[in-house]
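Colleague: Please take a close look at a single part of this model and explain it to a first-year student. Please also define each technical term where it is first used.

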Amino acid sequence: MKLLAVLMIWLAAAGAARADWVQITRDDAITAALSEVEILYDSGASQRFHASGRTFYDDARPSWGYWRAEGGQYCSQWPPSDHWACYDLFTDGTGALRFAGSAGDAYIGRPVAP
């Protein structure tokens with residue numbers, strides 16, 4: 001009986017550690033997920049997404065940029081560069097968001113309660 005309880009706890013913990021990410025593919029859903037939201041990333045940095053299309057990224061070097069949803073992806077542009085980098089956006093159903101770039105880079109964050 002004790003072994004069964006330990007096994008159930010282990011399985012529950014393993015399931016909690018594994019995220020079942022679902023991609024958000026509609027531009028309006030990406031906009032709704034990010035607009036007027038502040039995200040705290042696992043790295044400790046934070047990012048605020050304004051409905052105006054402006055975004056503020058705060059880490060060791062805070063900076064202002066622009067964001068938009070386009071082609072089913074989250075895209076951002078950070079002056080002085082005029083290049084827009086785009087990422088697939090995923091959610092795990094717990095509120096966490098995963099931004100995944102085409103080069104395999106990924107960033108995970110969670111909305112900060114207002």
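Modeller: The account below follows one strand, its partners and its surroundings.

The model is predicted, so local features are reported only at pLDDT of at least 70 and side-chain atom pairs only at pLDDT 80 or more, whereas totals for chains, interfaces and linings use all residues. Residues are numbered from 1 along each chain as its sequence is written, and side-chain values use heavy atoms, with hydrogens and water left out.

The part chosen is strand β6, residues 73–77. Helices (H or I, at least four residues) and strands (E, at least two) are DSSP runs, numbered from the N terminus. Of the 5 residues of β6, 4 are buried, so the strand is largely enclosed by the rest of the structure. Buried means under 20% relative accessible area, exposed means over 50%, and partly exposed lies in between (1.4 Å probe, protein chains only).

Strand β6 has a partner in β5 (residues 63–70); these two run antiparallel and are joined by 5 bridges. Two strands count as paired if DSSP finds at least two bridges between them. One of the residues involved is Tyr-66, whose bridge partner in β6 is Gln-77. The two strands form a hairpin with 2 residues between them, and Gly-71 in the turn has a positive phi of about 65°.

Strand β6 also runs antiparallel to β7, with 4 bridges joining them. Here Ser-76 has Ala-85 of β7 as its bridge partner. The hairpin from β6 to β7 passes through 6 residues. Pro-80 is found in this loop between β6 and β7, and a cis peptide bond, with omega of about 15°, joins Pro-79 to Pro-80. Most peptide bonds are trans.

The structure holds 1 disulfide, a term for a pair of cysteine sulfur atoms within 2.5 Å. This bond joins Cys-75 to Cys-86, with an S to S distance of 2.1 Å. Because Cys-75 lies in β6 and Cys-86 in β7, the pair ties together parts that are 11 residues apart in sequence. The torsion about the S-S bond is about 105°, and the disulfide is therefore right-handed. The two cysteines can also be described by their accessibility: Cys-75 is buried, at 0% relative accessibility, whereas Cys-86 is partly exposed, at 27%.

In short, β6 is paired with β5 and with β7, and the disulfide links Cys-75 to Cys-86.
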